[in-house]
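Please examine the structure shown below before reading the dialogue.

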Amino acid sequence: MSETIEWMPDGTPYSPRFADRYHSENGGLDQARQVFLAGCGLPGAWAGQTQWRILETGFGFGLNFLVTWAAWKADPARPRRLHFISTEAFPVTAHDLRRALPQSPELRALATQLAEQFHGLLPGVHRLAFEQGQVQLTLYIGDAQAQLRQQMPTADSVYLDGFSPARNPGIWDPHTLKAVARCCRRGTRLATWTIARAVRDALAENGFEVTKMPGVPPKRDNLQARFNPRWEPRRRADPWSDAPALPAPEARDCIVVGGGLAGAAVAFQLAQRGWRVTVLDQAEAPAAGASGLPAGLFAPHVSPDDSVLSRLSRSGVRTTMQLAHTLLAAGRDWQHCGVLEHRVESTDGLIGLPRDWRLEGPGADAQPHPGQDWSRPADAEQRAQAGLDAAAPACWHRQAGWIRPAQLVRALLDHPGIAWRGHCHVASLRHADGSWQALDAQGLVLGEAPLLVVATGYGSDRLLPAHWPLQRMRGQVSWGTQAGLPADALPPFPVNGKGSLVPHIPLASGGPGWFMGSTFERGHDALPPSAEDQSAAHAANAQRLQALLPEKSAALAPAFQATPRLWAGVRLATHDRLPLVGPVDPLRQPGLWTCTAMGARGITLAQLCAELLAARLHGEPLPLDARLAQALSTARLGG
């Protein structure tokens, strides 16, 4: 359920849970600037750095984040990337964020951007991106101690905030402060407004040198501390310790093999961090393989137990939408329009959502579950527009839509730090003198760099270990123009289930078009498909459409009888249908990484996987739950 907020006569938000007020705007601004920002030596401490990582306990209404973001924007010596990590057990709603917008025009504009992304905050990790990805807010929703122990980010500065120790003792207890200390490097500075003796003692016991400083009125004192333990700090061993030592900035060259969604996403994320990236692709133009799908869907996966794939897909959708907002033209290249899912294989009428998302009874809409920001039962109007009866198992994915993958690939590659080279068929790889070489079939060197990332989709299996359980799958999509169809012949939104229909997509010819697919032909990789295979694919897609939209499918029956046009591509998948992200063999093949095997979910997952790869390389906060990152790790395939 969403957190309940009450409002005091002066407009200050009040928490009934903790029987305490959040900061008033004026007092909060002074505290954010003087206690936290200045108390951690900022902005001076981050001057000239490539990145700066701030950890906060207690996000509240985000005032400390907004003030820090504004300071970053105003600083000509700011770091290339600002990471702000904040824990919050009881997040407020976007509606309440907007009600508490700061009066300062500068902060108000930033707070509006924050509120636009402040949705669907289920327990776990959420990455919100601003300033073309250069400012990243990572929210840990849940118990602070548990989240910090699980995620183990490295912090350069720490803001200890939240309701007072008397009102909310858990966020200040010794175990939580020990978890904070484990996230610090020697020299990390910490600031807080409380001078409670128990807090001072716990910080000292965990390696901080604590100093009382003059406070912000009406408080007389506050605390500043520096992590400088008498012992050598020892970080818990974790699966990310295999990242290589980064070369000096002037030597950060990388080869990415593959010019589709995965390869372009990796190249973009590394270029954003200052790498010079060369993308090698065997085709003459980017997105010539499976990423050349004319139009596809991004939508979360749902399951009653909120499985790994369900949680992973939500993180992927958020990342994809953030990049699409930044790089693409809405209505032409993509559209955040929502997607209806008809669960055609359901035998009991259930729609597959976790039960606690499907709030029922009085008051359900007054305090909606944050899961409903993602998916909820389809309403009567949506079912009617899709021609489904009231008993059909269907849900509405609010954070979903359609996209042209090839347009996204081109936008990602249009970065000054990326050089794309076509007609480069990489037949083998060779490690020599600390660098990786990509070789063609004749053994000629196509490219060389200390870091090489294999991201060629189904071609990756030729360059990766033979024992990895990878499988090729051909997919075929039927498509055609909507010219001559009645306006209401097709639903106004995409529909997925077993197969998907994506209607109303602007075609190069000028009119709207429809796309129906896709087949899943395991073990098939012949392109182009034979005439017999194409005919079978059209028949299979027509059958899927009939099951997906029994009433609406009649409108496209003549098109299928006249044989619509066909698109075909080959995907690569693992045995567990999850992508592979990480080093191939960090001990014997240092500097060789991969980001591949997206299966049928490349649109949803490629951007998230690329950001995960870049975060691991750079020691950044992970963009998703650490357990989900482990589920994608190449380490799960063994040596």
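The questions and answers below concern one residue and one pair of helices.

Tutor: This is a predicted model, in which local features need pLDDT of at least 70, side-chain atom pairs count only at pLDDT 80 or more, and totals for chains, interfaces and linings use all residues. Residues are numbered from 1 along each chain as its sequence is written, and side-chain values use heavy atoms, with hydrogens and water left out.

Student: Is Asn541 buried or exposed?

Tutor: Asn541 lies in helix 12, residues 531-548; helices are DSSP runs of H or I with at least four residues, numbered from the N terminus. Buried means under 20% relative accessible area and exposed over 50%, with partly exposed in between, using a 1.4 Å probe and protein chains only. Because its relative accessibility is 0%, Asn541 counts as buried.

Student: Which side chain does the side chain of Asn541 join in a polar contact?

Tutor: A polar contact is a pair of N or O atoms within 3.5 Å; within protein, one must be able to donate a hydrogen and the other to accept it, and residues adjacent in sequence count only if both atoms are side-chain atoms. At 2.9 Å, the partner of Asn541 is Ser478.

Student: How are helix 9 and helix 14 oriented to each other?

Tutor: The axes, lines fitted to C-alpha atoms over the stretch in contact (heavy atoms within 4.5 Å), give angles from 0 to 180 degrees between N-to-C directions. Those of helix 9 (residues 308-327) and helix 14 (residues 602-618) come within 7 Å and cross at roughly 85°. Angles of 65 to 115 degrees count as roughly perpendicular. Helix 9 and helix 14 are therefore roughly perpendicular.

Methods. Helix = DSSP H or I, 4+ residues; strand = E, 2+ residues; numbered from the N terminus. Parallel < 35°, antiparallel > 145°, perpendicular 65-115°, else oblique.
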